[in-house]
Amino acid sequence: PIPPMRVVINKWDRSKSADEAVRFLRSEFDKQLDGAVTVLNTIIPDLQVYADSVGVGSPAHREETKRRG
């Protein structure tokens, strides 16, 4: 049997199709695996600051001190 797993949505782009994909994943995992896989509510957006912070070796919250949008 599959051990319990948790899924985090990464690089979410705030589009309608991304929302639909998350809803689809949640519904498929819920009905097919009886809760063995859980899609967590934590969603990591696709922000340029993550790539920029890796490039300079600094945490993202230090690179982007003010949030737009």
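Is Ser58 buried or exposed? At 19% relative accessibility, Ser58 counts as buried, because the cut-off for that label is under 20%. Keep in mind that what you're looking at is a predicted model. We'll come back to Ser58 after a walk through the rest of the chain.

Start with the overall layout. The protein chain has 3 helices and 2 strands, and if you read along the sequence they come in the pattern β-α-β-α-α. Of its 69 residues, 16% count as buried. The accessible surface comes to about 5600 Å², and carbon and sulfur atoms hold 54% of that surface. As for how the chain meets itself, take the contacts with a separation of 6 or more: 55% of them are between residues 24 or more positions apart.

Now go to strand E1, which covers residues 5–12. Lys11 sits in this strand, and its backbone is worth a look: phi is positive, about 65°, although Lys11 is not a glycine. Lys11 is also exposed, because its relative accessible area is 54% and the cut-off for exposed is over 50%. A little further along you'll meet Arg14, in the loop between E1 and helix H1 (16–32). Here again phi is positive in a residue other than glycine, with a value near 60°. Arg14 counts as partly exposed, at 44% relative accessibility.

Next, jump across helix H1 to strand E2, residues 37–45, where you'll find Thr38. What does Thr38 touch, not counting residues up to four places away in sequence? The answer is Met5, Arg6 and Val7. Val7 makes a nice example of a long-range pairing: Thr38 and Val7 are 31 residues apart in sequence, yet their C-alpha atoms are 6.0 Å apart in space. Even with those contacts, Thr38 counts as partly exposed, at 30% relative accessibility.

Turn to the surface for a moment. Val8, Ile44 and Tyr50 make a nonpolar patch of about 230 Å². Tyr50 comes from helix H2, which spans residues 48–56. At 37% relative accessibility, Tyr50 counts as partly exposed.

Stay in helix H2 and move along to Ser53. How does Ser53 fare, buried or exposed? It's buried, because its relative accessibility is 5% and the label applies under 20%. So H2 carries both a partly exposed residue, Tyr50, and a buried one, Ser53. Leaving aside neighbours within four places in sequence, Ser53 is in contact with Ser58, Pro59, Ala60 and Glu63.

That list brings us back to Ser58. This serine is in the loop between H2 and helix H3 (60–63). Which residues does Ser58 touch once those up to four places away in sequence are set aside? They are Ser53 and Glu63. Glu63 turns up among the contacts of Ser53 too, and its number puts it in H3. If you pick out Ser53, Ser58 and Glu63 in the viewer, you can follow these contacts from H2, through the loop, to H3. Both serines count as buried, Ser53 at 5% and Ser58 at 19%.

Note on methods:
Residues are numbered from 1 along each chain as its sequence is written. This is a predicted model: local features need pLDDT of at least 70, side-chain atom pairs count only at pLDDT 80 or more; totals for chains, interfaces and linings use all residues. Side-chain values use heavy atoms; hydrogens and water are left out. Helices (H or I, at least four residues) and strands (E, at least two) are DSSP runs, numbered from the N terminus. Buried means under 20% relative accessible area, exposed over 50%, partly exposed in between (1.4 Å probe, protein chains only). Contact means heavy atoms within 4.5 Å. Patches are made of residues with over 30% relative accessible area and no salt bridge: like charges are joined within 9 Å, nonpolar side chains (Val, Leu, Ile, Met, Phe, Trp, Tyr) within 5 Å. Accessible areas come from the Shrake-Rupley method with a 1.4 Å probe; for residues, only the protein chains shown count as cover. A salt bridge is a side-chain nitrogen of Lys or Arg within 4 Å of a carboxyl oxygen of Asp or Glu.
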